[in-house]
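Subject: Structure handover

Hello,

Here is the structure for your work. My notes on what turned up in it follow below.

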Amino acid sequence: MEEARESLTSINGDFGFGGAADRRFAFSRQSSFQQPHTPIDIPAHGLHHHLYWSARDDKRSTSLHKSSFSSFVFSVFRNVRSGNRFMKRLFLMISLNVAYSTAELLIGLFTGRIGLVSDAVHLTFGCGLLTFSLFVMAASRNKADREYTYGYKRLEVLSAFTNALFLLFMSFSLAVEALHAFIQDESEHKHYLIVSAVTNLFVNLVGVWFFRNYARINLAYRNAEDMNHHSVFLHVLADSIRSAGLILASWLLSIRVQNAEVLCLGLVSVAVFILVLPLFRATGGILLQMAPPSIPTTALNKCLRQIYAREDVVEVSQVRFWELVPGHVVGSLVVQVKQGTNDRPILEFVHGLCHDLGVQDLTVQTDDA
């Protein structure tokens, strides 16, 4: 066992994968871990002792899990306090939205305006998602541990996907509202107050200004933080467009323009859908572990053909490449070699090809044919 471990260490060192920040490993031929099972007879008086210690171990592991979770939560709050400017800006924007939605909800309840109450509920859900984004920004700064060996960076992708999904739902709800306004008599519809919509627009424009560096639809994501920050920008931008549409609809209705609300809500629904669809596709592709878009399919097929063209390679199978987060490609494959072949040159060749493609983490397993 010690000889195999030393051999694996030497292989990783030869390939340049032994750095502290590099988790790439080259796995050579591995013997089977299945060993013959020998039945063990446990005495009756020892069974109770064994169960007693098992229960103690379970309680100990549960207490350790609780302590690790509480320490994780405290570390998140520390990261929020010492966070970068985007985290502080997002916290300020959430505070403004919470203050405004609370005031709007109270005014709507006391005046009996259902439109204000509905808008306050919508803002409350939006504040919840932005709070989750802030939590993720802080949590993703924690280092990798024993349970999450790749770290917490993928939380940023999950947060961006959640924001994109919420915005798609908002686009669908606006389309349904426009259809409902078209079917029913608009004279009986209770419109939003222009003052409320203007205030909401002002609050959202503050968030747009905070995250103006991500003011693009198709953004080239270099890392997971870019994806999460872009989702926050699209969130506040979509709310701004929604508020502007309500202001325009209220003004057009005040001058007796027919079907003004239908037109405005329909345009806002289409605009939000177009804005958020690229982000939804990008985050969904990463979470579904699709082939990385940064590596063309033709380049990957050429790499596999070069591996298969070697005389000592019989077959290449179980080829899997995906993105852990934007800019971090992970891959694994199994190379079947001829009996008695020295697999070190093959591992060097495969790692060199995949490294040139942009694969950061690669696992290669070689088996005898």
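Before anything else, one residue: Gln289 counts as partly exposed, because its relative accessibility is 41% and the partly exposed class runs between 20% and 50%. Gln289 sits in the loop between H8 and helix H9 (297-308). Its phi is near 55 degrees, a positive value in a residue other than glycine. Please keep in mind that this is a predicted model.

Overall layout

The chain has 369 residues, of which 40% count as buried. Its secondary structure comes to 10 helices and four strands. Read from the N terminus, the order of elements is α-β-α-α-α-α-α-α-α-α-β-β-α-β.

The unreviewed UniProt entry annotates "transmembrane region" at residues 90-114, 120-139, 160-183, 189-211, 232-254 and 260-280. I looked at two of these stretches. Over residues 90-114 the chain is 92% helix and 0% strand, with the end C-alpha atoms 29 Å apart. Over residues 232-254 the figures are 100% helix and 0% strand, and the end C-alpha atoms are 33 Å apart.

Nonpolar core

The largest nonpolar core holds 45 residues. Leu90, Leu167, Phe211, Met227, Val232 and Leu279 have the most contacts inside this core. At least two core residues come from each of helix H3 (85-111), helix H4 (114-139), helix H5 (154-183), helix H6 (194-210), H7, H8 and strand S2 (313-325). H5 gives the most, with nine residues. Domain 1 (74-288) and domain 2 (297-368) both contribute residues, so the core lies between them.

Salt bridges

The count comes to four salt bridges; three are described here.

- Asp119 and Arg242 meet through their side chains at 2.9 Å, N to O. Asp119 lies in helix H4 and Arg242 in helix H7, so the pair ties together parts that are 123 residues apart in sequence. Asp119 and Arg242 are both buried.
- Glu225 and Lys153 meet at 3.4 Å, N to O. This pair also links distant parts of the chain, with Glu225 in helix H7 and Lys153 in the loop between H4 and H5, 72 residues apart. Glu225 is partly exposed, with a relative accessible area of 29%, and Lys153 is partly exposed at 32%.
- Arg222 pairs with Asp226, the closest N and O atoms being 3.3 Å apart. Arg222 counts as exposed because its relative accessibility is 65%, over the 50% cut-off. Asp226 is buried, because its relative accessible area of 5% is under 20%.

The loop between H7 and H8

Helix H7 (224-254) and helix H8 (260-287) are joined by a loop that includes Val257 and Asn259. Asn259 has a positive phi of about 55 degrees although it is not a glycine. With a relative accessible area of 35%, Asn259 is partly exposed.

Which residues form the nonpolar patch on the surface? They are Leu248, Trp251, Ile255 and Val257, with about 360 Å² of accessible area together. Why can Val257 be a patch member while counting as partly exposed? Its relative accessible area is 32%, and patch residues need over 30%, so Val257 passes that cut-off while staying in the partly exposed class.

Regards

Technical notes. Residues numbered from 1 in each chain as written. Predicted model: local features only at pLDDT ≥ 70, side-chain atom pairs only at ≥ 80, totals over all residues. Heavy atoms only, no water. UniProt positions renumbered as here; feature names shortened; annotations may be inferred. Patch = residues over 30% accessible without salt bridge, like charges linked within 9 Å, V, L, I, M, F, W, Y side chains within 5 Å. Areas by Shrake-Rupley, 256 points an atom, 1.4 Å probe, with all protein chains shown as cover. Buried < 20%, exposed > 50% of the residue type's maximum accessible area, 1.4 Å probe, protein only. Core = buried A, V, L, I, M, F, W, Y, C linked by side-chain atoms within 4.5 Å. Domains from an automatic or database assignment.
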